[in-house]
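Biologist: Please take a close look at one part of this model, the open sheet in the first chain, and describe how it is put together and what packs on it.

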Amino acid sequence: MNKNMKYLSSISLRVLIGLAIFLSVGFLAWSAKSIYVKGPTEFFEEKSYVNKITNLPEPGSYTLQKIFTVPKLSVLDTKGQLQPISKYTKGKITLLTFFYDRCSDANGCPYAMVLFHKVKNKLEKNEKMRNSVRLVHISFDPARDTPMMLAGLEKRSSDLVKNGKSIEWDFLTTASVDDLLPIVDSFGQNVDINMNPRLGDKTLTYSHVLKAFLIDDNGNVREIYSTNYISVEMLLNDIQTLYLERSSK
Amino acid sequence: MMNRFKYPALKKALSIAIVMSSITMYAESTYADETSCSPFTPLVKGQEDFVYVWTLGMKGLGDESDKLVTVDVNPNSKTYGKVIAKVSVGGRGEAHHMGFTDDRKFMWAGALDSNKIFIFDVATNPAKPKLVKTIKDFASQSGIVGPHTFYATPGRMIVTGLSNAKDHGGVTALVTYNNAGEYVSTTAMPTSGGGDGFGYDVAINPNKNAMLTTAFTGWNNYMMDLGKLIKDPEAMKQFGNTTVMWDYKSMKPIKIFSTPGAALEARWSFNPGDNWAVTTTALTSNIFVYKQDDKGEWQQHKVGTIGDPSKIPLPVDIALNSDGKSMWINTFMDGTTRLWDMTDPLHPKETYTKKIGNQVNMVSPSFDGKRVYYSTSLVSNWDMKGQVNDQFLKSYNWDGKELKLAFEIDFIKEKLGRAHHMKFQARDLKTLQPLQASIDSKIKLASN
């Protein structure tokens, strides 16, 4: 009897462990699909968590403030070449944000990526807007977000539309934290490295509040967005407002 | 915008952000006096470690200078209930209100008479704020005097003015700076379409793209002795009688309301889905609530009367509680705090009163509503005189029925000055979370 009981217990335990592993793998796969799938069309296609900001004014009916001018700084492009940041903040209307590829904060980088893709999809339907606007992502994790790694991300993000109809989308990084410091400082992008509370050492995650910057052709920051003040409609309205402002000159 | 106050943000940021798992985090956006913070500012949702008190210098007391006083308010600390730091700014300029930047790393504090704006670093060492910049050209750059409210928006600070440099009357404006302390723009309060041009406080509802402003009085009045002012019929006419609902994105007025008697603090309920705002009037003792009607048009509702208006109890600071269902209202002249049930904002009821001192101005409940802090000073020439001029910070515990005194600091005995505006800070900024009212409840993404 005891033997049988032990046998049955052993079988039950194995079944439970197997079930737990199966459910865990399934959950992880589901989670990974939700967050990390970077295929051409599935990329952050979640629709339900886009901010609903109502009562926005009509594009062109308002003027965006000139908040500050992007200073002269340098970044690394995806070929590892040092470039003046003005190459990515002048000559077109620019929507810029900071990110790191490992980020999984639902209100941070992935959320911004969703919004940028939605804005991109909308703008690419209009040739004039497509050629007048660029998107820029600058990493604040230079150790891991290397030019080579960002090249892959840039290709995946920009090649979604064939025949050269993709909007310009630049992924930039820096050689070191020292090179990064003046950039995040000048934009006022707060970022913290999370520490392991038990061991006291650095984790691989950063704490930061999402910010995005809308920059006019002349390199002036004209609007700053944060987690609870950003939506696709608002971004498109503001971009169109700057476009109309430029057209009227 | 380079070199923000001459020390790189990230270097500090890279320093330490130890995850304090012992500090409770709430997924839902419910909070208390943090409602007086901008919704763009991360909030202290656990036990506050420090209360900063922006304090007016008093002639013949201590160094006589305006100062930022830091009080340790963590009950587990050895210095609980004690002043642990003070930063004098040099001279008396009528210190008044202050506000955090959108990253809660800097505190902007204003002086209504000198028109100076002091920017303190409150992140590098929150226990010991450091003055890092002083804006001295507020008046000359904007034409406005009396920098009152400091309200963070993404990357910027809206500063409401109380007056103007031309005639020191009540016509004023909103002045915007970037976070580096550089002037951006001036937006005049409306003087047509029913607007009187007066200003005082500002509060923004991002989800509705709506901004509410209130109206007080100009330098001529707020720098006048209160006894003299009350006896001056012409001066008494120079108080704001309007509130304005704005389109925040365009910074254009949507609707101007007649709100007699100087509406002061403006607050939005942040309870998800609420979308109503509230203010109280100093001279007429009324509570007004702002809400959209079925057609989406903003309407003002007079919903209550505070104390006996004929005695002018002078409602001053208000603070909505964590879920927008109750609100503390202080009346200055009788030194009383009053709790109002705001469950139905259009039909609120007073449920509790307690005398805090001979005079009381500001009230700041903690996130969980269990601790309530009070301070005393209104403006130097309106505070009571002689023995009844209480100047203190008092901390109470609130059990839902009764306020019980936890500690008290006599600011005169400590030779500090007149205790005015209070703001909370946490020792570890990782304990702060951004307001995510419209997102949190909808996202189920995993986080590592």
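**The open sheet of chain A**

Modeller: In this predicted model, five bridges connect strand E9 (residues 211–215) of chain A with strand E10 (residues 220–226) of chain A, and the two run antiparallel. Within this pair, Ile215(A) lies opposite Val221(A) in E10(A). Helix H2(A) packs on the sheet, where its contacts are with strand E4 (93–99), strand E5 (133–139), E6 and E9 of chain A. The direction of H2(A) makes about 160° with that of E4(A).

The pair E9 and E10 belongs to an open sheet of six strands in chain A, ordered E1-E10-E9-E4-E5-E6, and the pairing is mixed. Strand E1 (68–69) and strand E6 (168–172) of chain A occupy the edges; each has a single partner strand, so one side of each lacks a neighbour in the sheet. In general, strands of a sheet pair through backbone hydrogen bonds, in either a parallel or an antiparallel manner.

The nonpolar surroundings complete the picture. The largest nonpolar core has 170 residues, among which Leu95(A) and Val51(B) touch the most other members. Helix H2 (residues 109–123) of chain A supplies the largest share of this core, seven residues. On the side of chain B, leaving aside residues up to four places away in sequence, Val51(B) touches Val71(B), Val73(B), Tyr373(B), Leu393(B), Met422(B) and Phe424(B).

As to confidence, the predictor assigns the complex an ipTM of 0.88 and a pTM of 0.86. Chain B has a mean pLDDT of 89, with 87% of its residues at 70 or more. Over residues 6–32 of chain B, however, pLDDT stays under 50.

How values were computed. Residues numbered from 1 in each chain as written. Chains lettered and ligands numbered in written order. Predicted model: local features only at pLDDT ≥ 70, side-chain atom pairs only at ≥ 80, totals over all residues. Core = buried A, V, L, I, M, F, W, Y, C linked by C-beta atoms within 7 Å. Buried ≥ 20, exposed ≤ 12 C-beta atoms within 10 Å, placed from the backbone. Helix = DSSP H or I, 4+ residues; strand = E, 2+ residues; numbered from the N terminus. Contact = placed C-beta atoms within 7 Å. Pairing = 2+ DSSP bridges. Axes fitted to C-alpha atoms, helices over the stretch in contact; angles between N-to-C directions. pLDDT = per-residue confidence, 0-100.
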